[in-house]
Amino acid sequence: MHTLRQYLLTLTDPEGLLRTLQGAEVCRDAKGRPLYAVGNSAVVFRIRHEGRTRSLRCYLRPMRHLREIYGERLLERELFLYNTSGAGTWVDVVVGDWIEGETLLEATERAVAAHDTERLRSLAGKFDRLALDLVTDDRAHGDLKPENIIVDTADTLHPIDFDAAFLPQFAGEPSPELGTAAYQHPARTAADFNARLDDYPAALISTALHALALDPSLGERHAACDGLLFTPQRILRGRDETYREVIALFERCGMALRYRMARLLASPTPELFGLAALLTEAVRETTPECPTNQTDAGTEPPELFVENGRWGFRTPQRVVVAPLYDNGFDFTEGLAAVQLGRTWHFIGPDGRVRLNCPEYESVKPFRNGRAKVICNGHRLEIDSAGREYDGSQNPQETKPSGDAPPPTCADFRRK
């Protein structure tokens with residue numbers, strides 16, 4: 001075991017106490033204080049060496065497999081530490097490039113405070129790309145959390161702190177640590193040391209970022225949480241009010257992909273079945289040139305199909321709408337009714353929601369410009385703009401204008 005004080009003592013005047021990093025200097029703030037950050041197993045100093053700003057990772061307790069994890073970045077017996085008796089020992093350190101930026105947690109908190117939904121959507125999309133790489137690899141970070149991701153000045157996300165990483169050659173060993181509880185599945189144990197360690201934190205962080213992008217006030221109303229919006233232990237016990245609110249929000253807005261990923265957080269196991277497919281679809285949704293975001297010109301409307309108990313739509317050439325829905329009807333007049341949880345929506349052939357119908361107990365496909373619906377036990381008809389008809393030819397209200405989100409029929413009654 002080593003202490004922060006020992007490292008500060010050495011690095012305050014490192015002359016003769018370094019082997020290969022001779023001339024290295026610790027960077028300091030405006031008041032002359034060394035720049036460093038302390039974690040669970042290590043303290044990371046910001047240093048200058050040979051004209052470059054670098055990170056110097058110094059360990060507070062023994063860590064295994066550092067050579068396998070960090071490769072040539074590990075410098076063995078690099079730094080001499082004095083102990084209380086005046087003697088000392090040479091210790092290993094890890095050196096890397098310093099990434100200028102802020103943590104994903106800091107970037108998210110700033111965007112929430114500014115109600116910057118565009119920034120939050122951007123962070124959520126970038127994280128989904130990173131998460132897809134992590135959960136489809138044969139390795140795992142092991143302690144994935146927003147504090148361990150740096151957003152650099154070019155807005156690129158960089159994972160840091162790989163001390164708890166899993167590599168294929170570690171199979172069969174116990175995990176060196178269990179990660180941060182605020183982002184890990186409560187059932188994770190030391191025996192869970194495999195390539196799927198990042199499943200749960202990836203789904204949790206993605207869900208939280210997309211929920212905040214939809215409603216930044218969630219972050220202000222639930223700021224007391226230890227992590228990012230949710231508490232895993234409370235989710236598994238069915239007591240996390242924020243989690244229930246987010247599930248309802250995704251359902252009401254027809255965000256099927258987000259709804260399905262959020263539901264995975266209630267899984268009884270740390271490994272999340274179907275997560276990689278959901279993240280793949282999430283990345284495709286934000287890639288304009290991707291074929292799944294285009295329509296097949298000159299083809300028949302996509303048809304319903306079922307997979308793993310969920311409904312989607314496909315043409316003979318490809319899947320157009322991923323199987324995410326609990327129920328649905330085929331396309332008629334360019335729209336298809338789909339059910340997410342208890343809520344009905346109408347989507348277009350591109351999968352985008354055209355009309356939200358949270359107040360209807362049931363809906364039918366469109367015929368001759370109208371769809372039959374039941375609201376509070378009453379039979380009504382609606383047109384493709386969401387205007388309601390009670391049997392007359394005149395709608396009860398008129399369509400809202402502008403670039404508003406997909407309307408609900410309740411929007412027309414409120415006007």
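Is Glu281 buried or exposed?

**View 1. Glu281 and its surroundings in helix α10.** This is a predicted model, and the view picks out a residue in helix α10, which covers residues 275-285. Glu281 is buried, because its relative accessible area is 15% and the cut-off for buried is under 20%. Setting aside its neighbours within four places in sequence, Glu281 is in contact with Leu257 and Ala322.

**View 2. The largest nonpolar core.** Here we look at a core made up of 65 residues. Phe127, Phe230 and Ile347 are the ones that touch the most other members. Helix α5 (residues 199-214) gives this core its largest share, with ten residues. Nonpolar side chains tend to be buried together in soluble globular proteins.

**View 3. A closer look at Phe230.** Who keeps Phe230 company, once neighbours within four places in sequence are left out? Its contacts include Ala182, Leu204, Thr207, Ala208 and Cys225. Also in contact with Phe230 are Ile235, Asp240, Thr242, Tyr243, Val246 and Leu265. Apart from the largest nonpolar core lies another core, this one of 17 residues, with Ala24, Val43, Leu60 and Val95 among them.

**View 4. The second largest pocket.** There's about 870 Å³ of space in here. The lining takes in 35 residues, and Ala37, Val44, Arg57, Ile150 and Ile160 lie nearest the centre. Elements giving two or more residues to that lining are β2 (36-38), β3 (42-49), β4 (52-59), β6 (88-97) and β7 (101-103). By type, the lining has 14 nonpolar, eight polar and 13 charged residues.

Conventions:
Residues are numbered from 1 along each chain as its sequence is written. This is a predicted model: local features need pLDDT of at least 70, side-chain atom pairs count only at pLDDT 80 or more; totals for chains, interfaces and linings use all residues. Side-chain values use heavy atoms; hydrogens and water are left out. On a 1 Å grid over the protein atoms alone, a cavity is a set of points where a 1.4 Å probe fits but cannot get out, and a pocket is an open set with protein on both sides within 12 Å along at least five of seven lines; lining residues have an atom within 4 Å of a point. Grid points are joined across faces, edges and corners, and a volume is the space filled by probe spheres set on the points. Helices (H or I, at least four residues) and strands (E, at least two) are DSSP runs, numbered from the N terminus. Ala, Val, Leu, Ile, Met, Phe, Trp, Tyr, Cys and Pro count as nonpolar, Asp, Glu, Lys and Arg as charged, and the others, Gly among them, as polar. A nonpolar core is a set of buried Ala, Val, Leu, Ile, Met, Phe, Trp, Tyr and Cys residues joined through side-chain atoms within 4.5 Å. Buried means under 20% relative accessible area, exposed over 50%, partly exposed in between (1.4 Å probe, protein chains only). Contact means heavy atoms within 4.5 Å.
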